[in-house]
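Visitor: I would like to go through this model with you. Could we begin with how the chains meet?

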Amino acid sequence: MKKFINQIEQIVPEMVQGLVQTSNGQLRCLEQTTAVIRNDPQFQNQTQVGLVSGGGSGHEPLHAGFVGDGMLSAAVCGEIFTSPTPDQIYAAINAVDQGQGVLLIVKNYSGDVMNFDMAREMAEADNHQVATVVVDDDIAIQDSEQGHRGVAGTVLVEKILGAAARAGYTLEQLQDLGQQVIKQTKTLAVALHAATVPGVGHPGFELADDELEFGVGIHNERGRNTEKLVTAHELAAKMLEQLQGEFTDFTQQHYAILVNGMGATPLMEQYIFANDVADILQQQGVAVDFWKVGNLVTSIDMTGISLTLLQLQAGWRDWLTADVTTLGW
Amino acid sequence: MELTQTQAQAWLASFATTILDHKAELNELDTAIGDGDHGTNMTRGVTQIQTVLQTSLPDLSTLLKQVAFAFISKVGGASGPLYGTAFLDMSNAAKQQSAELADLIQTGAAGIQRRGQAQVGDKTMLDVWQPVAQALAANQLTSQKIDTYLQATRDLVAKKGRASYLEERSRGHLDPGAQSSDYLFQTLLTVI
């Protein structure tokens, strides 16, 4: 394993320090934690419902890179691929509650759900008003008892809710909007090469030169199955076909689309894949009102790509295009 | 039989050493069907437990509570809240009811079930905790039995936790949380 690191145990704190030190004063780290919160003047001047997300590290820029005016109020960075602990999440809730309550945006993984639940119980005991939305956009796992995983679509949820929170939505309205957006967000991901978790030292799984893993998550877990490698266009067609099946009246609706690199996929290939997605949707006469391409929700150094479709409702496009001051959007 | 504070201290010290010795093995088990960090995460928890054990604590309940806080605040992931809830509930039981060992472990197993919403047979740590609690109640717990409970997780298909996303492909691997629970109860046997 070759990595640009110092000590494996120090990866997360050093990353958080680096992010904060180079944020040109936009971010600060809560003392004794790895929680990153807004430090821009606007944060104190214009109060709003606090938005707190977080999860295991290794998905940068998610979530800390999306802290800023118009997106998250705070992000709690756990160890690599490991949910942050309840005391850290509680510290973030406490720091961003400006009297209008705090909404937690949680990806649907058992560890994240349990730790955020414990933090919410702690905060409620201290009279904070806290609500939660759980993102479950992945469609690769259909019949899991714990439901679908929360993956790349999370960033679209954070962007829409961040803009709405800045516009003065109440905690209840934000929770309601979040649940509506999550219902319309669907993601599928594939990988050509697994990530190397630094504490493990080797890739999480092996694929032959002519294989791809279909339906991966963002924590290096294997996908639904291993398949033969195909062209970008064939892959785009197959992924779109499966995603389309999740929506009713697919071609009648408007969409936002996220093509997301998972850490080691060149942007060149992401644009090629996005071009194929755009061509296929154009042929079908599907209206795409918003595009985003890039490394937004990564999986350390996984060579992979994910495709997210969000079926838009009135006003959502404006939340997606609203100005934002973050490192990562 | 009642668990004494002295026994609990020896038990948890031995558990901490065992986890540190098997960190890489737990990571490997977790790489097969999870995200490869169970050993690393548990190491952070037991290192904090070693610090707790060096302080002087008034009673068993306080010891169990400090151990719970070590899991909750240092481990993260799913195993932090699960082990943490088990020890927190055991601490409450030791304070309010009794320190009867079988009852304590049964309370811990119930806490894991409540926090994780898992059932026996879902290929989780509960598949070791629940039969261990029953064997303790019947005064029949042996090292061999604990291993049998652990090995039985190999042929199960995971229904909870990240391994469940693998569906049928989770079969054929030991559950990492069941393995660390096996170490917890193997070390318990050496002090009672």
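**Contacts, domains and a helix pair**

Guide: In this predicted model, 25 residues of chain B are in contact with 30 residues of chain A.

Visitor: Which helices of chain B each supply at least two residues of the side that touches chain A?

Guide: They are α2 (23-33), α3 (38-53), α4 (60-74), α5 (79-96) and α6 (101-116) of chain B.

Visitor: And which one gives the most?

Guide: That is α4(B), with 3 residues on the side of chain B that touches chain A.

Visitor: How does that side of chain B divide by class?

Guide: The side of chain B that touches chain A has 12 polar, 8 charged and 5 nonpolar residues.

Visitor: Turning to chain A, what domains is it divided into?

Guide: Chain A has domain 1 (11-183) and domain 2 (185-320). The centres of these two domains of chain A, taken over C-alpha atoms, are separated by 23 Å.

Visitor: How many residues does the contact take from each domain?

Guide: Domain 1 of chain A contributes 27 residues to the contact, and domain 2 of chain A contributes 33 residues.

Visitor: Where on domain 1 do they come from?

Guide: On the side of domain 1 of chain A that touches domain 2 of chain A, α5 (154-166) and α6 (171-183) of chain A each supply at least two residues. The most comes from α5(A), with 8 residues. By class, that side of domain 1 of chain A has 17 nonpolar, 5 polar and 5 charged residues.

Visitor: Back to chain B. What does UniProt list for it?

Guide: An unreviewed UniProt entry lists residues 6-190 of chain B as "domain: DhaL". Over residues 6-190 of chain B, the chain is 70% helix and 0% strand, and the end C-alpha atoms lie 13 Å apart.

Visitor: What about helices α7 and α8 of chain B: at what angle do their axes cross?

Guide: The axes of α7 (residues 126-137) and α8 (residues 143-152) of chain B cross at roughly 150 degrees and come within 9 Å. Angles over 145 degrees count as roughly antiparallel, and α7(B) and α8(B) are therefore roughly antiparallel to each other.

Visitor: Is the crossing left-handed or right-handed?

Guide: α7(B) passes α8(B) in a right-handed crossing.

Visitor: Which residues make the contact?

Guide: From α7(B) they are D127(B), V128(B), P131(B), V132(B) and A135(B). From α8(B) they are K145(B), I146(B), Y149(B), L150(B) and A152(B).

Visitor: And by class, how do they divide?

Guide: The residues of the contact of α7(B) with α8(B) comprise 8 nonpolar and 2 charged, with no polar residues.

Definitions and conventions: Residues numbered from 1 in each chain as written. Chains lettered and ligands numbered in written order. Predicted model: local features only at pLDDT ≥ 70, side-chain atom pairs only at ≥ 80, totals over all residues. Contact = placed C-beta atoms within 7 Å. Helix = DSSP H or I, 4+ residues; strand = E, 2+ residues; numbered from the N terminus. Nonpolar A, V, L, I, M, F, W, Y, C, P; charged D, E, K, R; others polar. Domains from an automatic or database assignment. Axes fitted to C-alpha atoms, helices over the stretch in contact; angles between N-to-C directions. Parallel < 35°, antiparallel > 145°, perpendicular 65-115°, else oblique. Left-handed = near helix turned anticlockwise from the far one by under 90°. UniProt positions renumbered as here; feature names shortened; annotations may be inferred.
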